[in-house]
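Student: Could you take a close look at one part of this structure for me, the nonpolar patch on the surface, and tell me what surrounds it?

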Amino acid sequence: MHDVAEQILEKNDLPKHLLSALIDESFEKLKTQSAKQAQTGPAERGDQNTIEAHLELLKNQPSWQELYQNISQGIIKRHGKL
């Protein structure tokens, strides 16, 4: 996942350090919460519009689209957002 994120940043001429804050925050949450409790994002909220927008942004990378969709659907099912 980190590799895919780095590739997306690189493709869009964005610095890799942008991931640092997100990664740091995620690991800090996991020190005091379960992974399920710490989960955030459109899949956790059941926000299908944002998920569709993300999939559109990944349209030139079908394997990334599939990965994103599979992970999102897993989160949605686990959090009971269907």
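Tutor: Let's get one term straight: helices (H or I, at least four residues) and strands (E, at least two) are DSSP runs, numbered from the N terminus. With that, the protein chain reads α-α-α-α-α-α from the N terminus on, so count 6 helices and 0 strands. Bear in mind that this is a predicted model: local features need pLDDT of at least 70, side-chain atom pairs count only at pLDDT 80 or more, and totals for chains, interfaces and linings use all residues. Residues are numbered from 1 along each chain as its sequence is written, and side-chain values use heavy atoms, with hydrogens and water left out.

Now your patch. Met1, Leu67 and Ile71 make it up, and together they offer about 280 Å² of accessible area (Shrake-Rupley method, 1.4 Å probe; for residues, only the protein chains shown count as cover). To join a patch like this, residues need over 30% relative accessible area and no salt bridge (a side-chain nitrogen of Lys or Arg within 4 Å of a carboxyl oxygen of Asp or Glu), with nonpolar side chains (Val, Leu, Ile, Met, Phe, Trp, Tyr) joined within 5 Å and like charges within 9 Å.

Zoom in on Ile71, which sits in helix H6 (residues 62–78). Ile71 is partly exposed, at 34% relative accessible area; buried means under 20%, exposed over 50%, and partly exposed in between (1.4 Å probe, protein chains only).

As for the backdrop, buried residues are 18% of the 82 in the protein chain. The chain's accessible surface is about 6,100 Å², with 52% of that belonging to carbon and sulfur atoms.
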